[in-house]
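Biologist: Got the model up? I'd like a quick walk through how it packs.

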Amino acid sequence: MTAVIIGGIENQTENFTYTMEELQALAEADNLEVVASVHQKLERPVAATYFGAGKVTEIFQAGQVHAADALIVNDELSPTQIRNLEQDTGLTVIDRTALILDIFASRARTKEAKLQVEIAKLQYQLPRLRTSAAEKLDQQTAGNAGGGFTNRGAGETKLELNRRVIEKQISQLRKKLKDVQKDQVTQSKQRRASGLPQVALVGYTNAGKSTTMNGLLQLTGQEEDKQVFVKNMLFATLDTSVRKVHFADNKEFLLSDTVGFVSKLPHNLVAAFESTLAEARNADLLVQVIDASDPHAREMIATTEETLASIGIDDIPMIYAYNKADLANTRYPLVTGDAITYSARDSQSLQVLADVIRQKIFTGYQTLTFLIPFAEGQLVQQLNEEAQIIKTDYLATGTQITAEVSPQLAAQLQDYVQ
Ligand SMILES: Nc1nc2c(ncn2[C@@H]2O[C@H](COP(=O)(O)OP(=O)(O)OP(=O)(O)O)[C@@H](O)[C@H]2O)c(=O)[nH]1
Ligand SMILES: [Mg+2]
């Protein structure tokens, strides 16, 4: 296992302890072994080396003592900072953004996720073309461009060339991504056209969004193969999955599971996952899943809300779903206003969560009596499929049905209301 030192600068602007714990979890998620942690109180980072000179020496020594291979820094670094720190500490320097990109890259399974991560990675490289990571890339691309560019004198030209190569790669990948997403865009449009309420599960990574989705599907009797991937690791879900949840009274809604968040999520990555998060943007209701057993639950809520706001999602009604109550030594299921305390592993909890969601989205339903002429048999069928039938009578003039119907169905059938 690669041994790493994690390091950060403490100032007043953020919850430092929390982001450092998060950095450690991210490093572990990337299969790195954290052997030491260093921090320095500074109002702002030093332009050339990020840390102050004394701290850099300390990191160099810690690197020797712990036989570390790399230093992971709790911020996004400038190319100069990376280069100088590498020189002065003798360690490979990885910033927080590169670490998160690396985790996403190793988790990506589908073509779409892979392309999105690849684009974000290249965008990250673009302004850092002189760093060691870029040097490797130089070597890869030098072959294509003719060996003449690899000598020192051609520095500027080489940089320009690399920039053009990367920009071209990005635009090619974007085209491919658009192709891959074509079907999805159509599906997404169809979903909106269906008029079914849309609910999206959002929240911090590992909070239990996918487990909640599976629980709700199971509760409503969906087949096993509709279940989504669950795992105790950061960023288990990178793709959005949408499923229909159908209740016994014929009420139904669309439920989507989305990629999880972490604080200081690289902007490029969020941008690359825009379309994946489009399901959340189109939702009528957001269910924010929170790991109530985590001591940092409050910071995680803030992180989720900042990330959503950064992509312009800030005006959709939200339910706060405090999950993992079984680990939190608290009473559950429990509903208080727009919040529910529950466990995604407990069927009674899921029933209560489903009820809370139902109350929010199935508004404007009314019980009406219709008289459907025999010639309009398909409407009787539609009522049976889409409404909760309370009573059916066969009269000489047609079928008389009393049913609880959605506002859309009531509008469609208004001519038959008695
Ligand atoms: N004890 C307990 N564990 C839970 C509960 N809900 C989820 N988990 C576990 O928490 C871990 C993460 O669950 P996921 O559903 O994959 O979390 P997620 O929010 O989808 O995570 P990402 O996809 O990584 O963003 C898994 O090991 C789940 O089994 C719960 O109510 N109680
Ligand atoms: Mg998930």
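Biologist: Which residues have the most contacts inside the largest nonpolar core?

Modeller: Leu71, Ile72, Ile100 and Ala321, in a core of 82 residues. A nonpolar core is a set of buried Ala, Val, Leu, Ile, Met, Phe, Trp, Tyr and Cys residues joined through C-beta atoms within 7 Å. Note that this is a predicted model: local features need pLDDT of at least 70, side-chain atom pairs count only at pLDDT 80 or more, and totals for chains, interfaces and linings use all residues. Residues are numbered from 1 along each chain as its sequence is written, with chains lettered from A and ligands numbered from 1 in the order in which they are written.

Biologist: What other core lies apart from it?

Modeller: One of nine residues, among them Phe370 and Val405.

Biologist: Switching topic. At what angle do H1 and H4 pack?

Modeller: About 40°, with the axes of H1 (residues 16-29) and H4 (residues 96-107) 9 Å apart. H1 and H4 are therefore oblique to each other (neither under 35 degrees, nor over 145, nor 65 to 115).

Biologist: Which residues meet there?

Modeller: Leu23, Leu26, Ala27 and Ala29 in H1 meet Arg96, Leu99, Ile100 and Ile103 in H4. Contact needs C-beta atoms, placed from the backbone, within 7 Å.

Biologist: And Val245, buried or exposed?

Modeller: Buried, as Val245 has 22 other C-beta atoms within 10 Å. The cut-off for buried is 20 or more; exposed is 12 or fewer, and partly exposed is in between.

Biologist: What does Val245 touch?

Modeller: Leaving out residues up to four places away in sequence, Val245 touches Leu216, Leu217, Thr220, Glu252, Phe253 and Leu255.

Note on methods. Axes are lines fitted to C-alpha atoms, for helices over the stretch in contact, and angles run from 0 to 180 degrees between N-to-C directions. Helices (H or I, at least four residues) and strands (E, at least two) are DSSP runs, numbered from the N terminus. Two residues are in contact if their C-beta atoms, placed from the backbone, lie within 7 Å.
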